[in-house]
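Hi there,

Here is the structure I promised to pass on to you. Please open it beside this message, and my notes follow below.

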Amino acid sequence: QLASSTFGDGDAGMLNVDANQINLTGTSRDGIGSGLFSNVEFGATGNGGQINVDAARLYIADGAQIGGTTFYLGRGGSINVKANEIELTGVSPNAPSGLFTAIAPGAEGSGGNLGIETKNLQISDGAQIAVSTAGIGDGGNLELIAEDIELIGSSEFSASGIFGNAIIGMGDGGDLQINTNNLTILDRATIIASNFSSLSVRQLGQETNAQGKAGSIEIND
């Protein structure tokens with residue numbers, strides 16, 4: 001992992017990655033995912049750091065992630081990804097591959113925003129992009145700009161897709177703004193903003209009792 005997180009009162013620093021090709025794959029034996037992270041850890045009141053990724057090609061697979069989770073009071077940092085090609089594919093037993101900002105159960109801090117700009121985005125085999133909350137704080141917002149988007153298939157744990165859910169708790173789910181010339185959704189993939197259980201939660205045998213509002217979805221060509 002590359003990580004810039006806060007465990008206390010101070011804010012986390014910025015994490016910048018600039019490369020021709022970025023490959024993030026797999027998890028450790030105990031289920032910890034590879035990736036780039038900026039978290040507001042339990043007990044922290046400082047804000048999460050910003051993650052900036054600039055690449056010709058970004059490939060994330062088998063449970064790896066770029067993300068930030070708010071576990072306590074601080075505000076999650078924003079994540080900005082710019083790449084010509086982005087491919088997100090597969091899951092691990094613990095989590096989908098993908099790009100996300102999230103609020104953990106019970107956390108009061110707000111989620112960071114997620115911005116993605118690319119020519120071609122493909123999400124398959126249960127991978128996800130998500131701005132969701134399972135806590136008291138509201139989820140961040142997603143702005144996605146892509147010429148072509150393909151959402152394909154699912155795994156035994158989750159549908160491939162783009163999510164702005166209020167899963168449990170009182171926080172509101174994030175808003176989804178998608179700007180694209182071509183959008184393809186196949187084989188149980190989805191774009192969803194809800195305050196009820198989605199495929200991934202149901203299949204893990206968890207029940208939801210969200211009081212927050214679902215995020216909104218706006219799709220523009």
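Below is what I found, going from the whole chain to single residues.

First, please keep in mind that this is a predicted model.

**Overall picture**

The fold is built from one helix and 14 strands. For a chain of 221 residues, a compact globule would have a radius of gyration near 17 Å, and the value here is 16 Å, so the two agree. The C-alpha trace spans about 40 × 40 × 40 Å along its principal axes. Buried residues make up 52% of the 221. Many contacts reach far along the chain: taking those between residues at least 6 apart in sequence, 83% join residues at least 24 apart.

On the outside, about 9,800 Å² is exposed, with carbon and sulfur atoms supplying 44% of that area. The charges are 8 positive and 24 negative side chains, and the centres of these two sets lie 2 Å apart.

**The nonpolar cores**

The largest nonpolar core holds 35 residues, and the members that touch the most others are I66, L99, I129 and I162. Two or more residues of this core come from each of β2 (15–25), β4 (51–61), β6 (79–89), β8 (114–124), β9 (128–133), β10 (142–152) and β12 (176–186). A further core lies apart from it, with six residues that include F37, F100, A102 and A130.

I66 is a good place to start looking. Setting aside residues up to four places away in sequence, I66 touches L24, L36, I51, V53, L58, I60, I79, G98, L99 and F100. L99 is thus among the partners of I66, and L99 is also listed with I66 among the core members that touch the most others. F100, another partner of I66, belongs to the six-residue core.

**Two aspartates with positive phi**

Which residues other than glycine have a positive phi? D62 is one of them, with phi near 55°, and D187 is another, at about 55°. D62 sits in the loop between β4 and β5 (65–70), while D187 is in the loop between β12 and β13 (190–192). D62 counts as partly exposed because its relative accessibility is 44%. D187, with a relative accessible area of 58%, is exposed.

**Around G153 and D187**

D187 also turns up beside G153: the two are 34 residues apart in sequence, yet their C-alpha atoms are 4.5 Å apart in space. G153 belongs to the loop between β10 and β11 (161–163). Its relative accessibility is 10%, so G153 counts as buried, whereas D187 is exposed. Beyond its neighbours within four places in sequence, G153 is in contact with A159, S160, L186, D187, R188 and A189.

**I191 in β13**

Next comes I191, which lies in strand β13. At 17% relative accessibility I191 is on the buried side, because buried here means under 20%. Its contacts, again without neighbours within four places in sequence, are L151, I162, L176, I178, L183, I185, I217 and I219. One of these partners, I162, is among the residues that touch the most other members of the largest core. By contrast, I191 and G49 are 27 Å apart, C-alpha to C-alpha, with their positions 142 residues apart in sequence.

**Two more buried loop residues**

G140 is in the loop between β9 and β10, and at 3% relative accessibility this glycine counts as buried. Leaving out neighbours within four places in sequence, G140 is in contact with T101, G111, G112, N113, V131, G174 and D175. G35, 105 residues away in sequence from G140, is 20 Å from it in space, C-alpha to C-alpha.

A12 belongs to the loop between β1 (2–3) and β2. Is A12 buried or exposed? With a relative accessible area of 15%, A12 is buried. Not counting neighbours within four places in sequence, A12 is in contact with S4, S5, T6, S38, N47, G48 and G49. The C-alpha atoms of A12 and L151 are separated by 33 Å, and the two residues are 139 apart along the chain. L151 is one of the contacts of I191, and G49 is one of the contacts of A12.

Happy viewing, and best wishes!

Notes. Residues numbered from 1 in each chain as written. Predicted model: local features only at pLDDT ≥ 70, side-chain atom pairs only at ≥ 80, totals over all residues. Heavy atoms only, no water. Core = buried A, V, L, I, M, F, W, Y, C linked by side-chain atoms within 4.5 Å. Buried < 20%, exposed > 50% of the residue type's maximum accessible area, 1.4 Å probe, protein only. Helix = DSSP H or I, 4+ residues; strand = E, 2+ residues; numbered from the N terminus. Contact = heavy atoms within 4.5 Å. Rg over C-alpha atoms; globule rule 2.2 N^0.38 Å. Areas by Shrake-Rupley, 256 points an atom, 1.4 Å probe, with all protein chains shown as cover. Lys, Arg positive; Asp, Glu negative; His and termini not counted. Charge placed at Lys NZ, Arg CZ, Asp CG, Glu CD.
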